[in-house]
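Visitor: I'd like a close look at the empty spaces inside this protein and at what surrounds them. Could you walk me through that part in one go?

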Amino acid sequence: MTEQQQRRRFHGLVGRLVPSGEQRFWSDYSEYSFSMATTAAAASQAHFKDSFNLGHGYLRHRFGHDYGCLKVAQPKWMIRDHAHFGLLLQFRGSKSSRSSRSYSRNDDYSQGRLSIKSLLGDRYNKFLDFVVIGSGVAGLRYALEVAKYGTVGIITKAEPHESNTVYAQGGVSAVLCPSDSVENHVQDTIVAGAYLCDEETVRVVCTEGPERIRELIAMGASFDYGEDGNLHLAREGGHSHRRIVHAADMTGREVERALLAAVQKDRNISVFEHHFAIDLLTCQDGSDSVCLGVDAMNTETQEVVRFISKVTLLASGGAGHIYPSTTNPPVATGDGIAMSHRAEAVISNMEFVQFHPTALADEGLPSKPIKGRENAFLITEAVRGDGGILYNLGMERFMPSYDERAELAPRDIVARSIDDQLKRRKEKYVLLDISHQPRERVLSHFPNIASECLKYGLDITRKPIPVVPAAHYMCGGVRAGLQGETNIRGLFVAGEVACTGLHGANRLASNSLLEALVFARRAVQPSIELMLCSEINAEDLNRWARPMIPKSIGSLGLSSIVRRTREIRKELQSVMWEYVGIVRSTLRLETAEKRIQELESEWEAYLFETGWKPTMVGLEACEMRNLFCCAKLVVSSALSRQESRGLHYTTDFPHVEESMRLPTVIFPCSPVNSTWSSRQLCKQQLRWQITGPMKSK
């Protein structure tokens with residue numbers, strides 16, 4: 001076949017994928033794609049290097065030195081410096097061979113789509129254009145878009161539907177009412193975030209939100225509508241207007257259902273369920289860190305699978321299980337944040353852990369659950385938004401004495417108020433009453449909550465709901481730019497694992513699903529551009545030693561390790577709740593830091609005395625190392641913030657300090673001895689250093 005025939009065939013295939021209104025753009029893009037494919041196939045001379053504003057070279061250029069202490073000199077995000085760099089990836093010619101990976105395509109004519117067959121290898125090795133870690137709203141939404149241009153592998157820790165998304169009851173916030181405005185949403189978000197939000201990020205998210213909702217509806221998501229035929233918009237704490245799109249009190253479940261249905265129909269997407277992501281596969285390209293995929297463990301077959309990819313999206317959720325009581329599902333053990341930290345990604349704002357004010361308090365139910373819950377049952381913010389009133393056990397309404405917005409105050413204020421009531425009165429829970437509202441209204445708006453409570457003898461249309469705060473959401477995480485880019489080339493982040501600057505010091509209710517949708521969509525275009533300029537090389541398989549399944553230890557040894565790991569896990573969670581909870585102090589944080597260090601040393605000593613090797617992996621052990629890693633990041637960040645702002649309240653510094661209205665940043669520095677949880681299994685050890693908010697000069 002001549003080159004001209006190949007070109008016509010290629011453009012014809014690409015043309016089938018393109019809506020008619022975009023043909024002009026795609027005529028150029030298709031030619032570019034063809035040139036890239038043929039060039040890569042014909043020769044190995046074409047290499048590309050990303051000049052990326054988050055790379056190590058940028059840190060040196062911007063701050064005048066290598067890794068060490070990041071001097072924040074102005075109330076702006078470290079990663080955004082418009083005077084020196086743009087936010088987009090820029091591709092420049094390079095002779096570096098480290099970023100080169102061979103590139104190949106096969107055409108698949110079925111269903112009129114171009115299927116890029118990069119899914120090669122065997123049961124232990126996979127080669128893909130895109131790897132997505134996590135199957136919540138961010139990961140699925142991103143996968144559906146990039147699958148139009150290449151093969152996608154979704155790695156999910158349990159079943160595909162088991163994610164934080166499914167447990168999101170309230171809804172998605174977006175400006176869809178004529179009486180509302182983007183400016184109102186922006187201001188509500190910034191006020192709730194205690195003025196630590198990145199305003200540019202907030203405006204982007206609030207502006208693009210309505211279109212993301214319309215996309216979900218077009219994909220089949222079914223939301224509630226009012227009698228006027230328009231979307232029924234609820235109001236929640238911190239919102240000045242009704243703007244919460246919802247599906248009763250099961251919004252996350254409906255969004256997940258619609259996205260999973262679309263994923264299952266897409267032939268370019270493969271879902272690897274029951275695969276636990278162990279560590280990102282990274283290497284150095286000059287001064288830049290590059291992500292080439294991820295190692296994962298199939299927890300059903302107990303086999304390690306290596307995923308080599310051109311682009312990786314991390315959408316693995318939060319770390320709620322560093323605490324004993326959390327609304328997060330069991331899979332939320334901070335895996336993505338810990339993996340990224342070990343891979344030298346910049347981490348930010350980890351001190352801001354959101355405790356949801358109202359999780360169901362089983363102790364107050366007429367009939368208590370026989371078996372303890374793996375995660376607390378959430379009582380959505382929308383109950384208070386719909387008129388729910390908080391009482392202590394003496395049936396005294398207390399929120400008006402704490403904040404003029406009463407039950408509609410932001411979550412951090414409500415959670416601290418409940419915590420104060422519990423400590424003052426020595427009680428274990430408070431009451432949330434919605435029974436004064438019409439029965440039909442309560443049952444139609446909150447069917448899931450009503451059903452759960454009725455299991456234990458409580459009719460919420462007649463009696464109040466016992467509630468208590470529980471760990472709910474990580475406002476901090478892997479630092480991301482406006483397109484989900486990180487300081488590691490080839491690694492994008494979206495959802496709770498990311499710190500985009502939207503939430504600041506406290507997340508506004510129902511902004512989490514919104515952020516996930518917006519950033520998953522914004523990460524698509526730079527991911528495609530990077531994929532087209534990248535190559536897959538089979539030699540990448542041998543860059544790193546393989547993690548090992550600990551078969552040599554034997555069943556008795558493994559049982560002993562699992563038992564001790566579970567005990568240590570409970571002790572860690574207890575330390576975090578006792579000393580790093582809703583109200584903190586310097587002494588309590590320092591106590592937590594010391595106790596966590598002791599627990600980690602004790603646990604690692606037990607592991608290695610039992611025959612564990614540094615490259616061995618097991619589900620419980622790997623989760624434990626991630627929990628330790630995240631707990632230490634939270635404590636260190638909290639110690640560095642010597643003020644009270646948003647979710648971080650410390651009795652030693654009870655007031656807001658304007659000079660400290662800056663993000664907390666954690667980044668790697670020079671190699672020294674470190675713990676097992678703090679380093680990649682197959683790479684050089686790293687220590688890390690934190691830089692807290694610093695006074696502007």
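Visitor: How many cavities of 30 Å³ or more does the structure hold?

Guide: Happy to take you through it, and please keep in mind that this is a predicted model. The structure holds 12 cavities of 30 Å³ or more. Let's begin with the largest cavity, whose volume is about 690 Å³. Its lining is made up of 50 residues, and those closest to its centre are Ser163, Asn164, Thr165, Gly317 and Glu496. By character, the lining of the largest cavity divides into 19 nonpolar, 22 polar and nine charged residues.

Which elements build that wall? Two or more residues of the lining come from each of α4 (137-146), β9 (275-285), α8 (335-342), β16 and α13. Among these, α13 gives the most to the lining of the largest cavity, with four residues.

That makes α13 a good place to pause. Helix α13 (residues 511-522) meets helix α6 (residues 199-218): their axes come within 8 Å and cross at roughly 90°. The two helices α6 and α13 are therefore roughly perpendicular to each other. On the α6 side, the contact is made by Thr201, Val204, Val205, Glu208, Gly209, Arg212, Glu215 and Leu216. Facing them from α13 are Leu514, Glu515, Leu517, Val518, Phe519, Arg521 and Arg522. Sorted by type, the residues of this contact between α6 and α13 comprise seven nonpolar, two polar and six charged.

Now for the other element worth following, β16. This strand (465-474) supplies at least two residues of the lining of the largest pocket, and β16 is also listed among the elements that give two or more residues to the lining of the largest cavity. Let's turn to that pocket, then. The largest pocket has a volume of about 1300 Å³. It is lined by 43 residues, with Tyr323, Pro324, Ser325, Thr326 and Arg373 the closest to its centre. Alongside β16, the helices α10 (411-425), α15 (555-579) and α17 (619-640) each supply at least two residues of the pocket lining. The largest share, six residues, comes from α15. In the pocket lining you will find 16 nonpolar, eight polar and 19 charged residues.

You can also follow β16 into its sheet. It belongs to an open sheet of four strands in the order β13-β16-β15-β14, with antiparallel pairing. At the edges stand β13 (353-360) and β14 (389-391), each of which pairs on one side only. On average, neighbouring strands of this sheet are turned by 45° against each other, direction ignored. At one end of that order, β14 and strand β15 (residues 430-433) pair in the antiparallel sense over three bridges. If you would like a residue to click on there, try isoleucine 389, whose bridge partner in β15 is aspartate 433.

One last sheet to round off the tour. Three strands form an open sheet in the order β5-β7-β6, again with antiparallel pairing. Here β5 (172-173) and β6 (233-234) are at the edges with a single partner strand each, so one side of each is left without a neighbour in the sheet. The partner of β6 is strand β7 (residues 244-245), and the two pair in the antiparallel sense over two bridges. Within that pairing, alanine 234 has isoleucine 244 of β7 as its bridge partner.

Technical notes
Residues numbered from 1 in each chain as written. Predicted model: local features only at pLDDT ≥ 70, side-chain atom pairs only at ≥ 80, totals over all residues. Heavy atoms only, no water. Axes fitted to C-alpha atoms, helices over the stretch in contact; angles between N-to-C directions. Parallel < 35°, antiparallel > 145°, perpendicular 65-115°, else oblique. Contact = heavy atoms within 4.5 Å. Nonpolar A, V, L, I, M, F, W, Y, C, P; charged D, E, K, R; others polar. 1 Å grid on protein atoms, 1.4 Å probe; cavity = no way out; pocket = protein on both sides within 12 Å on 5 of 7 lines; lining within 4 Å. Points joined across faces, edges and corners; volume = space filled by probe spheres on them. Pairing = 2+ DSSP bridges.
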